[in-house]
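Q: Hi! I'm new to this one and would love a quick tour. Could you walk me through it?

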Amino acid sequence: MVIMTGAHVCAVFVLVMCVSGVCEAGCADRPTPRCCPGRNNECVERSARRTVCYCDTYCRRSGDCCDDYQNVCHISAAIDCEVRQWGPWSPCSSVCGAGTTERSRQVATPPRNGGAPCPDLKQRRGCLAHNEACSAAKEVAKILPDSFKRNFKDPWRRPHMLMKEEKKSYCVQMRVKQASAACKVRPWSAGLVRERAVCVECQSDAMTTDNRCLGDGLQNIRTYWTAASAPGCSGSWVRESFTEDCRCPSYSMIFV
C-alpha cells in the first residue's frame, strides 16, 4: 500500500493534467515581452513536454519554437529575402597588371518574420589590366637638377648635331609619394620628400622619337623615379598636371 501526502497528490495531479494536454507552457507563460524579434537566446521558456523552447523570431528557422508561438506571437508567414540581378563588373582597379574588379546587386525584398537572410550582395574577383598606358606606367624616370642642362650648349658637338631642331619643352607637376633615405645626401635631392610638389621639365635633348621623356608619368597614377647623380636615391610620385611649351622655375628638375 502506498501512502501519499497532500503535496504528492497535487504534484501527480498536475503531472497528469500536463501529460493529458490540459496544462500547457510556452510563450503565454513568459513575462512581457512574451515574443522577441530576431535571435534572442534569453527569450526562452519550457514547452508542455518540459523541454526548452523559444519565442524569438529566429525559432522559425531553428525549429525550436514553443507550441503556442504562432498563436501568442501572431507571426505571419516567413518571407525570404529576394535580390535583383547582378550588375556589371566594374573596371579593373589597376591600369596595368594585377588588380580587382567587383559587381553588386540590390535587395528586392528584405527578409521578414524569420525568413531566409539575403545572400551576398557583392562579388570580387581578380583581373589583369593591359592597355596603352601600361608601358608608360612601367617606365622609371631619371632626373637631375635643372642646373645640369638649362640652355646648355655642348661646344664639342658635331656640326650636324648643332643643326638639330630644338623641340619645345613641356612641364609635368609631380607630387612625391616616397623617397629613399639616400636622397638626403645631396642638397638638390634632399628636397624630394613625401608630399612635396616638384616641377620636372622635359627638354628637347631628353625627348625620345615620340617627343616625350621617359618616365614622365601618368595622371593620378603612381610611377617611379631615380636621381641620376645621387646613388641610391629613388622613389615614387604621381603626376598632377601637364603643361606644353613650358619651362619650370629655377631649382626644379629635368628628365634625362
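Q: Let's start with one residue: is Tyr251 buried or exposed?
A: Happy to help, and keep in mind that this is a predicted model. Tyr251 is exposed, because its relative accessible area is 80% and exposed means over 50%.

Q: Where does Tyr251 sit along the chain?
A: Tyr251 is in the loop that links strand 11 and strand 12. It also has a phi near 65°, which is positive even though the residue is not a glycine.

Q: Why point out the sign of phi?
A: Most residues other than glycine have a negative phi.

Q: Which other residue has a positive phi although it is not a glycine?
A: Asn211 does, with a phi of about 60°. You'll find Asn211 in the loop between strand 9 and strand 10.

Q: And how exposed is Asn211?
A: Asn211 has a relative accessible area of 43%, so it counts as partly exposed. That label covers values in between 20% and 50%.

Q: OK, new topic. What do the strands build?
A: Six strands close into a barrel, in the order 7-10-11-8-9-12, with mixed pairing. From one strand to the next, the twist averages 45°.

Q: How does strand 8 pair with strand 9?
A: Strand 8 and strand 9 are antiparallel, with six bridges between them. As an example, Val172 stands opposite Val200 in strand 9.

Q: What about strand 8 and strand 11?
A: Those two are antiparallel as well, over eight bridges, and strand 11 covers residues 234-243. Here Ala179 stands opposite Gly235 in strand 11.

Q: You said mixed, so which pair runs parallel?
A: Strand 9 (residues 197-202) and strand 12 (residues 253-255) run parallel, joined by two bridges. Glu201 stands opposite Ile254 in strand 12.

Q: What about the inside? Which residues touch the most other members of the largest nonpolar core?
A: That core has 22 residues, and the ones touching the most other members are Ile143, Leu192, Val200, Trp225, Trp237 and Phe255. Strands 7, 8, 9, 10 and 12 each give two or more residues to this core. Strand 8 gives the most, with four residues.

Q: What else is there in the way of cores?
A: There is a second, separate core of ten residues, including Cys36, Cys43, Cys59 and Tyr69.

Q: Why would such residues gather like that?
A: In soluble globular proteins, nonpolar side chains tend to be buried together.

Q: Back to the loops for a second. Is Ala230 buried or exposed?
A: Ala230 is buried, because its relative accessibility is 2% and the cut-off for buried is under 20%. Ala230 belongs to the loop between strand 10 and strand 11.

Q: How far is Ala230 from Ile143?
A: In sequence, Ala230 and Ile143 are 87 residues apart, while in space their C-alpha atoms are 9.8 Å apart. Ile143 is one of the core residues I listed earlier.

Q: Last topic: pockets. What volume does the second largest pocket have?
A: The second largest pocket has a volume of about 170 Å³.

Q: And which residues line the second largest pocket?
A: Its lining is made up of Pro145, Asp146, Ser147, Trp188, Gly191, Arg196, Val198, Cys199, Tyr251, Ser252 and Met253. So our starting residue, Tyr251, turns up again there.

Q: How does that lining split by class?
A: The second largest pocket is lined by six nonpolar, three polar and two charged residues.

Note on methods:
Residues numbered from 1 in each chain as written. Predicted model: local features only at pLDDT ≥ 70, side-chain atom pairs only at ≥ 80, totals over all residues. Heavy atoms only, no water. 1 Å grid on protein atoms, 1.4 Å probe; cavity = no way out; pocket = protein on both sides within 12 Å on 5 of 7 lines; lining within 4 Å. Points joined across faces, edges and corners; volume = space filled by probe spheres on them. Nonpolar A, V, L, I, M, F, W, Y, C, P; charged D, E, K, R; others polar. Pairing = 2+ DSSP bridges. Axes fitted to C-alpha atoms, helices over the stretch in contact; angles between N-to-C directions. Core = buried A, V, L, I, M, F, W, Y, C linked by side-chain atoms within 4.5 Å. Buried < 20%, exposed > 50% of the residue type's maximum accessible area, 1.4 Å probe, protein only.
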